[in-house]
Amino acid sequence: MSNIARKKIIRDYYSQRAKDYDRQKQRTWKSSSGFGIDVTRQLLRALRGHTGKRVLEVGVGSGRNALPIMEEIKPWLVGVDLSKEMLKVAKTKTANFAESIDLVLGDADHLPFADNAFDAAVIMSTMHYFGSPPHVLRKLQKTLRRKGVLVYGDVSEHKSDDNEFLETLEKTLSKAHVGYYKPSEMRKLLETSGFNVSKSRTLAYRKSYQALIEDKGCYFGVKPEAFYALVQETDISTRKHYALTSAELTLYYTIIVAAKSNNVPE
Ligand SMILES: C[S@@+](CC[C@H](N)C(=O)[O-])C[C@H]1O[C@@H](n2cnc3c(N)ncnc32)[C@H](O)[C@@H]1O
């Protein structure tokens, strides 16, 4: 599939999903088995000291991270996203901070910013849509000033998932998805893209099949039977890695904090 065709699919997906997005995320992230508070806490901790500084969020979406960043850190924030509808939600949500936040329709593959323009960059739950994460990271590396901070977060594969179970599962549910990384693979990619990793944490959380179908499959006309057939065919070791039951599984979210290094990316 061409890059342009994939981005159209992503845009269409999020234009339909924008009105449901925060509710869907809250259901998993803020549930008793959720991990949302932990992720937000780590994000804010990484951005401590950035009051009045320039922060870029790529894939700002509905402003789910931008709002706590504005409330707690108070930087000047630029949020870029492919979806106009997601940006509208973010704009409403962050209206109290309108003077210090710019929400821009744009593409991570073509960031229009000068070198050294930002003190920090945030990229949460978005990397798995990029055709070339190394390309985006190299550009972000240049966009950051010396020792600038990068906060990355995304769903990750189980470290022993060598059968690509999560990829197969995700591609059964979503036509927008490109690829997940194992935590170690992402750390390596960051290092070769000109960053020094200072923190990396992977959090486990439970997600119901029902929620996966509602959040993803429904928007792509996926029949639940196709999804459940895949779950049933899963081998024993994969079942253990993701703790599959008849109704839910364990997923993993990795958050990595890194700083721009002096090394020029390969
Ligand atoms: C799962 S949402 C995450 C939103 C937000 N970061 C959060 O954590 O809630 C992914 C977002 O990435 C955006 N996105 C996907 N590909 C993009 C690209 N190439 N450039 C900019 N935004 C992109 C989507 O439109 C969507 O709003």
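The turns below ask how the names given to parts of this predicted model are justified.

Me: Why is the space taken by the ligand called a cavity?
Reply: The space taken by the ligand is the largest cavity, and that word applies because a cavity is a set of points where a 1.4 Å probe fits but cannot get out. In keeping with this, the protein covers 99% of the 600 Å² of accessible area that the ligand has on its own.

Me: What makes G59 a polar contact of the ligand?
Reply: A backbone N or O atom of G59 lies 2.7 Å from a nitrogen atom of the ligand, and a polar contact is a pair of N or O atoms within 3.5 Å, so the pair qualifies. By the same cut-off M124 qualifies, because one of its backbone N or O atoms is 2.8 Å from a ligand nitrogen atom, and so does D107, whose side chain has an N or O atom 3.0 Å from a nitrogen atom of the ligand.

Me: How do you know that Y21 belongs to the residues that surround the ligand?
Reply: Y21 is listed with G59, R64, D81 and M124 as the closest of the 21 residues that surround the ligand, and a residue counts as near if one of its heavy atoms lies within 4 Å, so Y21 belongs there. By class, this shell has 10 nonpolar, 7 polar and 4 charged residues.

Me: Why are K30 and R64, in the lining of the largest pocket, counted as charged?
Reply: K30 and R64 are among the residues closest to the centre of this pocket, and they count as charged because Lys and Arg belong to that class. The whole lining divides into 4 nonpolar, 5 polar and 5 charged residues.

Conventions. Residues numbered from 1 in each chain as written. Predicted model: local features only at pLDDT ≥ 70, side-chain atom pairs only at ≥ 80, totals over all residues. Heavy atoms only, no water. 1 Å grid on protein atoms, 1.4 Å probe; cavity = no way out; pocket = protein on both sides within 12 Å on 5 of 7 lines; lining within 4 Å. Polar contact = N/O pair within 3.5 Å; in protein donor to acceptor, adjacent residues only side chain to side chain. Areas by Shrake-Rupley, 256 points an atom, 1.4 Å probe, with all protein chains shown as cover. Sits in = over half its atoms within 2 Å of the grid points.
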